[in-house]
Amino acid sequence: SMGGCFSSEEQGEREPLVTSRSMPSRARGPSVPSSQRGGSSNIFDQGHCPEQFWVPDDQAETCSFCARGFSATNRRHHCRMCGDVFHGGDCASPRGSADHQVWVCQYCFDFYQNYKEKLYYGARFIKHGNDQSRKEVHLKMYDEGVSMMLKWEPTQSSFSTEFRKDKRQLQLQDVKSVEIGGAAGTDFYDRSSFIRVVTPSYVLVLEPLSYHEQEVWLAGLRSAVFVCQSEVRLLASQKAAHEDARHERHAQRREEKAKRQKYTSSIVDKYRSRPRDRRN
């Protein structure tokens, strides 16, 4: 998770969820398509992540939102959307309908309730390159199977032949951080007005056209990166659990087959070893 890079503090016990009705454990199906990633709070009634795929308590030393440690007063709460661990209050709180609420972290709430539609609709930015080039692009978020990705295309005013050679997309699951800062070698720019999307092999530097767009996209991209990476982790855990169950079923079948063969062999041996009535 994005908060995992901070140092741990004092750990505490996990506080049980306080709701008007406990949430039944159910297996999660395939990743929710974009058409169903709704802005309605009803999506929080069901949750996404069953308890068997929650991040274990012993692996969560700090809150994944604020990076502070847990204690007797700041207890652990598992988000029912992503399965990660958070403090109560500003980091996570009960969400859903009036008669059925579950713990939902601020990342998941922000993405599904506040920013999802804006990210899919897209916005215009000035994209800065390492060579101090500036191109106006239209940036949008797309679904790519399980994962999500950012894609950008030049606007009509900035299209050029050189732009065709430039990178035009990146996977959100590869993003290491979304931060404020300018492009390398551009000290004369006001770096506080830039958004940097950092991956191991590429840094996307965007200049929003307004301060409001910067606030929306900075928070929106951070929440989208967290949700995307949580879904990838969840599906990897489900796949591993499915493989373990498949291997266990195969082992049981081999064991049952061996028992049947042993039983059949014992019957055959018993039949062959019985005395035969010889008549002259």
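**A predicted chain with a long third helix lining its cavity**Ser223 is a residue of helix α3, where helices are DSSP runs of H or I with at least four residues, strands are DSSP runs of E with at least two, and both are numbered from the N terminus. The model is a predicted one, in which local features need pLDDT of at least 70 and side-chain atom pairs count only at pLDDT 80 or more, while totals for chains, interfaces and linings use all residues. Residues are numbered from 1 along each chain as its sequence is written, and side-chain values use heavy atoms, with hydrogens and water left out.

Ser223 is a good place to start looking. With a relative accessible area of 1%, Ser223 is buried; buried means under 20% relative accessible area, exposed over 50%, and partly exposed in between, with a 1.4 Å probe and protein chains only. Beyond its neighbours within four places in sequence, Ser223 is in contact with Tyr107, Asp110, Phe111 and Tyr115, contact meaning heavy atoms within 4.5 Å. Lys116 lies 107 residues away from Ser223 along the chain, yet their C-alpha atoms are separated by 9.2 Å.

Stepping back to the whole chain, the secondary structure comes to 3 helices and 11 strands. Along the sequence these follow the pattern α-β-β-β-β-α-β-β-β-β-β-β-β-α. The chain has 280 residues, of which 41% count as buried. Among contacts with a separation of 6 or more, 57% join residues 24 or more positions apart.

Confidence is described by pLDDT, the predictor's confidence in each residue, from 0 to 100. The mean pLDDT of the chain is 76, and 75% of its residues reach 70 or more. Among the elements, strand β2 (residues 85-86) has the highest mean pLDDT, at 92, and helix α1 (residues 42-46) the lowest, at 73. Over residues 1-41 pLDDT stays under 50, and the model has 105 contacts beyond four places in sequence for this stretch.

The interior holds a nonpolar core, defined as a set of buried Ala, Val, Leu, Ile, Met, Phe, Trp, Tyr and Cys residues joined through side-chain atoms within 4.5 Å. The largest such core has 51 residues, and those with the most contacts inside it are Phe86 and Leu172. Helix α3 gives the most to this core, with 9 residues.

Helix α3 also appears around the largest cavity, giving the most to its lining, with 4 residues. A cavity is a set of points, on a 1 Å grid over the protein atoms alone, where a 1.4 Å probe fits but cannot get out, and lining residues have an atom within 4 Å of a point. Grid points are joined across faces, edges and corners, and a volume is the space filled by probe spheres set on the points. The whole structure has 2 cavities of 30 Å³ or more, and the largest has a volume of about 40 Å³. Its lining consists of Met81, Cys82, Cys108, Tyr112, Val227, Ser230, Glu231 and Leu234.

Two loop residues complete the picture. Ala67 is in the loop between α1 and β1 (77-78), and its phi is near 70°, a positive value in a residue other than glycine. Most residues other than glycine have a negative phi. Ala67 counts as buried, at 7% relative accessibility. Ser133, in the loop between β5 (123-128) and β6 (134-144), counts as buried at 19% relative accessibility.

Definitions and conventions
On a 1 Å grid over the protein atoms alone, a cavity is a set of points where a 1.4 Å probe fits but cannot get out, and a pocket is an open set with protein on both sides within 12 Å along at least five of seven lines; lining residues have an atom within 4 Å of a point.
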